[in-house]
Amino acid sequence: MTLRITVIGCGYLGATHAASMAELGFEVLGLDVDEAKVESLTEARVPFFEPGLEPMLRKHVESGRLQFTTSYAEAAAFGDIHFLCVSTPQRDGELAADLSHLEAAVDSLSPLLDRSCLVVGKSTVPVGTATRLAARIREVAPAAEEARLAWNPEFLREGYAVDDTLHPDRLVFGLPREHDGVAEAALREVYAEPIASGTPVVLADLATAELAKAAANSFLATKISFINAMAELCEATGGDVAVLADAIGHDPRIGRKFLNAGLGFGGGCLPKDIRGFMARAGELGAGDALTFLREVDAINERRRKRVVDMAADLVDRPWPSAKVAVLGAAFKPDSDDIRDSPALNVAGRLHLFGAAVTVHDPQAMENARRSWPTLRYADSVVEACRGAHVVLVLTEWQQFTEVDPGMLAEVVAVPSVVDGRNCLDPEVWRAAGWAYRALGRP
Ligand code: UDX
């Protein structure tokens, strides 16, 4: 009989996972406590922007293979495997992760687990959480030892979420040190298709699986901050960080990916994950091991101030009499996610200095408007730039990199641009009459 899968928490991660599991051939029930989200997903509408997700969702909602609910009783009765995909954001005013959604999900589900099943954690958690939750589930579930727990961290990137879920570059199965093989067999069945097409499986204990996610995101954040630190040195010496990235990136031990210097990282994962990791290491008495992440975070924060300073150098007037165009609100292109968005952070700072800031983003306008209602918004690049004394390109959407600088020069008051993502061709922009500045470039 085909496995029946529930996905608990239907945000970026969960909605993508649910639709992908249906695509792999399973019957899927997605659960979320947010009724509006469940209603939207039931009507095959994705409540956020993720390329390729909506058609896949629609296909399986229409075939009946994918359904959504707010009822834990329904989910417990339905599922052989329950994936936990709820968010674990940063706690207010602390570095540590807030596990309240995860704890609530486990507390709601466990007492209803009355037959053999597998709970699989995918959320990013402080190391040690899985072992604690496994004990709680065993204690509370009527199925006791037959209610097993595994940890299977998720490495998907927003913007590529569907492809990353269907064709992951690795699968990590975290299992208790002593296990009877049932959980591993179930996970191998779930992921039979990607495994057959060559995706490697890494078997790990629960702690190592939890660490794998924190370590991966810490490494990526470190790589970005490393090249941004090099950008600071380039600025001090007249070097060019984009050329430097190519020069070191050809070394296969280093690799060119994630060496794009600029405004730095944001989003719902990297910033909070490195902070949560530091907080957890401190609790475990291993804080020294991760003090370098404080520097990684600090380098990243400095990027935002640097872009503001660069804009100030270009503008020939006090901020209260300046018009600023900000191109980009999402934390990265192909996403409408504005969580810890570097672009909006810069826009907000300039607004607080008194500048008239107008923002345009191809997808994130609605989210941005909700969180930053005091900024101005324009429906197109041209409208955002009309009359501007400086243009800031802060998210590297293709629409922005392809814009004709000659045409745009006609629209602005002063043709000066800060390329916050090193995504424009300086020669082309300068040739079109623009004063061009970028981080780490002459
Ligand atoms: C990240 C991880 O990549 C993913 O594996 C994990 O599951 C979740 O966190 P995501 O947050 O979707 O994914 O975005 P990612 O593509 O990693 O980019 C993160 C941030 O780094 C963005 O703000 C991006 O603009 C920035 N970045 C990325 C750089 O500044 N330079 C780079 O070279 C690459």
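**Exercise 1.** Identify which helix gives the most to the shell around the ligand.

*Solution.* Start with the helix: α10, residues 206–237, gives the most, with four residues. Helices here are DSSP runs (H or I, at least four residues), numbered from the N terminus. The model is predicted, local features need pLDDT of at least 70, side-chain atom pairs count only at pLDDT 80 or more, and totals for chains, interfaces and linings use all residues. Residues are numbered from 1 along each chain as its sequence is written, and side-chain values use heavy atoms, leaving out hydrogens and water.

Next, take the whole shell. It holds 20 residues (a heavy atom within 4 Å of the ligand). Among the closest are Asn260 and Lys332. By class, the shell has 10 nonpolar, four polar and six charged residues.

**Exercise 2.** Find how far a backbone N or O atom of Phe155 lies from an oxygen atom of the ligand.

*Solution.* For Phe155, the distance is 2.7 Å. Then check Leu156: its backbone N or O atom lies 2.8 Å from a ligand oxygen. For Glu158, a backbone N or O atom also sits 2.8 Å from a ligand oxygen. Finally, consider cover: the ligand alone exposes 670 Å², and the protein buries 92% of that (Shrake-Rupley method, 1.4 Å probe).

**Exercise 3.** Determine which residues of α10 meet α12.

*Solution.* In α10, they are Leu211, Lys213, Ala214, Ala215, Asn217, Ser218, Ala221 and Ile224 (heavy atoms within 4.5 Å). Their partners in α12 are Leu270, Asp273, Ile274 and Phe277. The contact divides into eight nonpolar, two polar and two charged residues.

Key
A polar contact is a pair of N or O atoms within 3.5 Å; within protein, one must be able to donate a hydrogen and the other to accept it, and residues adjacent in sequence count only if both atoms are side-chain atoms. Helices (H or I, at least four residues) and strands (E, at least two) are DSSP runs, numbered from the N terminus. Ala, Val, Leu, Ile, Met, Phe, Trp, Tyr, Cys and Pro count as nonpolar, Asp, Glu, Lys and Arg as charged, and the others, Gly among them, as polar.
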